[in-house]
Amino acid sequence: MTTAAITWDELPLRAELRDARPYGAPQLDVPVRLNVNENPYPPPPAVREAMTAAVRRAVADINRYPDREATVLRAKLAGYLGYGLTAGEVWAANGSNEIMIQILQAFGGPGRSVCTFTPSYSMYPEYARDTHTEYLTIPRGPDFTIDQGVALAAIARHQPDIIVIASPNNPTGTVTSLGLVETILRASRGIVVVDEAYQEFATTPSALELLPLSGRLLVTRTMSKAFAFAGGRLGYVAAAPAVVDALRVVRLPYHLSAVTQAVAGAALDHAPALLADVDHLRATRDQTITRLRELGYAVVDSQANFCLFGPFADRHAAWAALAGRGVLIRETGPEPYLRTCVGTDPDMARFFEALAEIQSGERSTS
Ligand SMILES: *Cc1c(COP(=O)(O)O)cnc(C)c1O
């Protein structure tokens, strides 16, 4: 150690970070990893080759800063989304996490508020804290859908500057209908973000359809989940060009590396191959829900690649018992539940085996 001894308590830290801990699920090296909603299938060899060739071309120029505007990549993202979108209506960053913090930097901040429908994604309060934006929550109903009356009353009272609707929602998998998104959009005066991180797994329509209705609507997506590109770090948003201009003001210079732009571009050139397993994962999700219900668990209806199930008398103990059997799921969301994402067929077989073991363990000790 060559740095000076200073403890956390001695740091002249912002007060609101005093009790904070870095976000993140445990990254344990176990055989079955079902905790962070990744696509469990790695890219096929031909796509890996194309990505490697793209990196080789990018590093020939790596002494130069990358294209600040990521124009080629944004055109490919627009083409992938369809709906006649163009590069000027799409913005990209390092994961949709970075997109979200840019949205809060541009449209939130001191004296402003962001509102979400809870339980929802655990990063939302962190974006608010880090941008000094007031964090408001509207509770979802018992089935984790958004109650229109409750939502409209809260919006009328608080007029939040930003409303975020995750659909399908994490950690519940619940979809919000486009009709309700439109109603919320009309009832609010601020920005409405629909976080569609899991849209490719859903059979319900995308909020991209609503973009012509209002320049205040933003639809965020990620390549981390269905696209099998979590390690590549690429998120994006579709919105009016003026919104894209606002995000370009707050982005860090050259935020998206030449390597990221190149690899993501190669991935998009092979979108059908990378998304090839999504149909199977969707079917696996439906089977997982059915099977868990047959085993007597309550399972929330999910349009994502995960499901929330329970109840567990001691969910931490159940989580740890599964982890001890090499099956890592997620201790998140409302108290009696655990969340598992869907993996490969062998992953799911192992998951159900381990679950049966801990179930019989619970019975024999009770
Ligand atoms: C996983 C996830 C994201 C995306 O994260 P990336 O930064 O793109 O990897 C965004 N929103 C929700 C609700 C998520 O679950």
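Helix H3 (95-107) and strand S12 (338-341) each contribute at least two residues to the lining of the largest pocket. Of the elements involved, H3 gives the most, with 3 residues. The model in which this pocket is found is a predicted one.

**The largest pocket and the cavity**

The lining of the largest pocket comprises 43 residues, and those nearest its centre are Val36, Asn37, Glu38, Lys225 and Ala230. The pocket has a volume of about 890 Å³.

Apart from this open site, the count of cavities of 30 Å³ or more comes to 1. The largest cavity has a volume of about 40 Å³. Its walls are formed by Ser167, Thr176, Leu178, Val194, Glu196, Gln199, Thr204, Pro205 and Ala207. The table sets out the two sites by volume and by the classes of their lining residues.

| Site | Volume | Nonpolar lining | Polar lining | Charged lining |
|---|---|---|---|---|
| Largest pocket | about 890 Å³ | 18 residues | 16 residues | 9 residues |
| Largest cavity | about 40 Å³ | 4 residues | 4 residues | 1 residue |

**The fold as a whole**

The protein contains 12 helices and 12 strands. Its C-alpha trace spans about 60 × 55 × 55 Å along the principal axes. For 366 residues, a compact globule would have a radius of gyration near 21 Å; the protein has 21 Å and therefore agrees with that expectation.

Buried residues account for 51% of the 366 residues. The accessible surface of the protein amounts to about 16600 Å², and carbon and sulfur atoms hold 55% of that area. As for contacts between residues at least 6 apart in sequence, 72% of them join residues at least 24 apart.

**Thr118 in strand S3**

Thr118 may serve as a local example. This residue belongs to strand S3, which covers residues 113-118. Thr118 has a relative accessibility of 21%; because buried means under 20% and exposed means over 50%, Thr118 counts as partly exposed.

When residues up to four places away in sequence are left aside, Thr118 touches Tyr135, Thr137, Ile138, Pro139 and Arg140. A further spatial relation links Thr118 to Asn169: the two residues are 51 residues apart along the chain, and their C-alpha atoms are separated by 9.3 Å.

Notes. Residues numbered from 1 in each chain as written. Predicted model: local features only at pLDDT ≥ 70, side-chain atom pairs only at ≥ 80, totals over all residues. Heavy atoms only, no water. 1 Å grid on protein atoms, 1.4 Å probe; cavity = no way out; pocket = protein on both sides within 12 Å on 5 of 7 lines; lining within 4 Å. Points joined across faces, edges and corners; volume = space filled by probe spheres on them. Nonpolar A, V, L, I, M, F, W, Y, C, P; charged D, E, K, R; others polar. Helix = DSSP H or I, 4+ residues; strand = E, 2+ residues; numbered from the N terminus. Rg over C-alpha atoms; globule rule 2.2 N^0.38 Å. Buried < 20%, exposed > 50% of the residue type's maximum accessible area, 1.4 Å probe, protein only. Contact = heavy atoms within 4.5 Å. Areas by Shrake-Rupley, 256 points an atom, 1.4 Å probe, with all protein chains shown as cover.
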